[in-house]
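Biologist: Before we start, I would like each term explained as we use it. Please set every value against its definition.

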Amino acid sequence: MEETKGPKVQRLAAELRAKIQQGAYPPGSALPKVRELKESEGVAYQTARDVYRVLEDEGLIISRRGEGTFVSPILGKIHRDGTGRYIKSAREEAGARGAFAAEIARLGMTSNSTTEISRERPPKRVARLLDIHHAAKALVRARVMRADATVVQVATSYFPGDVAFGTQLEQQDTGDGGSKSRLAELGYPQARIRESIDVRLPSKDEAESLGISADRLVYEITHIGLTESGRAVEVCVHVMPITLWSLSYEWPIDLPAV
């Protein structure tokens, strides 16, 4: 009796998953093209595509437009601990240049980024979050961020000009601990973090920067760093493929009254 499409996809995905986990296809290696998988397994083209989509959703493979499908250099997903990643000891671990660099180093990989630094008007939404005039300029750090050679996120940070202009935040290398450590040295330590998360399709530019197709979903994390007085001194918009990242948060509840 012929298998239905669902079981076929799951069976083939399980077989390929096992080969990847056993090292038959090592990280970074090329996988058969969709058409080759279709022909070798005697399945429909869409079934072959669905097999790869299952494994991509699991973070085991990546598709590069115009190049083919490859085993991800990061087997599984990068874990973003939203609770602990910005603690000073974590973001400065082993001289890391911030939370992202520390996360990638823990995977045994090297982080690097291409950063464009400018002074310009932020989007209206960001200006409202920073509580600055819509015509005021902010310091903008737009980054394409990599783990080894793989682009894993794009992130754009915005800082009020009166806080950041003329400081190390305008340099390519912001030093140990990144922007949060420099803001603390400038007298603006962040006491609270606020984040909102959306899942959406990438823009054309985002898809090109991330090397993903336009139909692959991304997380958009809007990160706001607040001082003890409640002033927002940093807004960062992270755009990250959901196939490469897992997110976690933890906080206490029902604390006893003091």
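**Pockets and one helix**

Modeller: By class, seven nonpolar, 14 polar and eight charged residues make up the lining of the largest pocket. The model is a predicted one, in which local features need pLDDT of at least 70 and side-chain atom pairs pLDDT 80 or more, while totals for chains, interfaces and linings use all residues. Residues are numbered from 1 along each chain as its sequence is written, and side-chain values use heavy atoms, without hydrogens and water.

Biologist: What makes a residue nonpolar, polar or charged in the count for the largest pocket?

Modeller: Ala, Val, Leu, Ile, Met, Phe, Trp, Tyr, Cys and Pro count as nonpolar, Asp, Glu, Lys and Arg as charged, and the others, Gly among them, as polar. Among the lining residues nearest the centre of the largest pocket are Arg97, Gly98 and Met145. By the definition, Arg therefore counts as charged, Gly as polar and Met as nonpolar.

Biologist: Why is this space called a pocket?

Modeller: On a 1 Å grid over the protein atoms alone, a pocket is an open set of points with protein on both sides within 12 Å along at least five of seven lines, whereas a cavity is a set where a 1.4 Å probe fits but cannot get out; lining residues have an atom within 4 Å of a point. The largest pocket has 29 such lining residues.

Biologist: How much space lies in the largest pocket, and how much in the second largest?

Modeller: About 540 Å³ lies in the largest and about 440 Å³ in the second largest. A volume is the space filled by probe spheres set on the points, which are joined across faces, edges and corners.

Biologist: Which element gives the most to each lining?

Modeller: For the largest pocket β4 does, with four residues; for the second largest α3 does, with five. Helices (H or I, at least four residues) and strands (E, at least two) are DSSP runs, numbered from the N terminus. The protein has nine helices and 10 strands.

Biologist: What makes α5 mostly covered?

Modeller: Six of the eight residues of α5 are buried, including Phe100 and Ile104. Buried means under 20% relative accessible area, exposed over 50%, and partly exposed in between, with a 1.4 Å probe and protein chains only. Phe100 and Ile104 therefore fall under 20%.

Biologist: What do the buried residues of α5 pack against?

Modeller: They pack against β3, α4, β4, β5, β6 and β10. Contact means heavy atoms within 4.5 Å.
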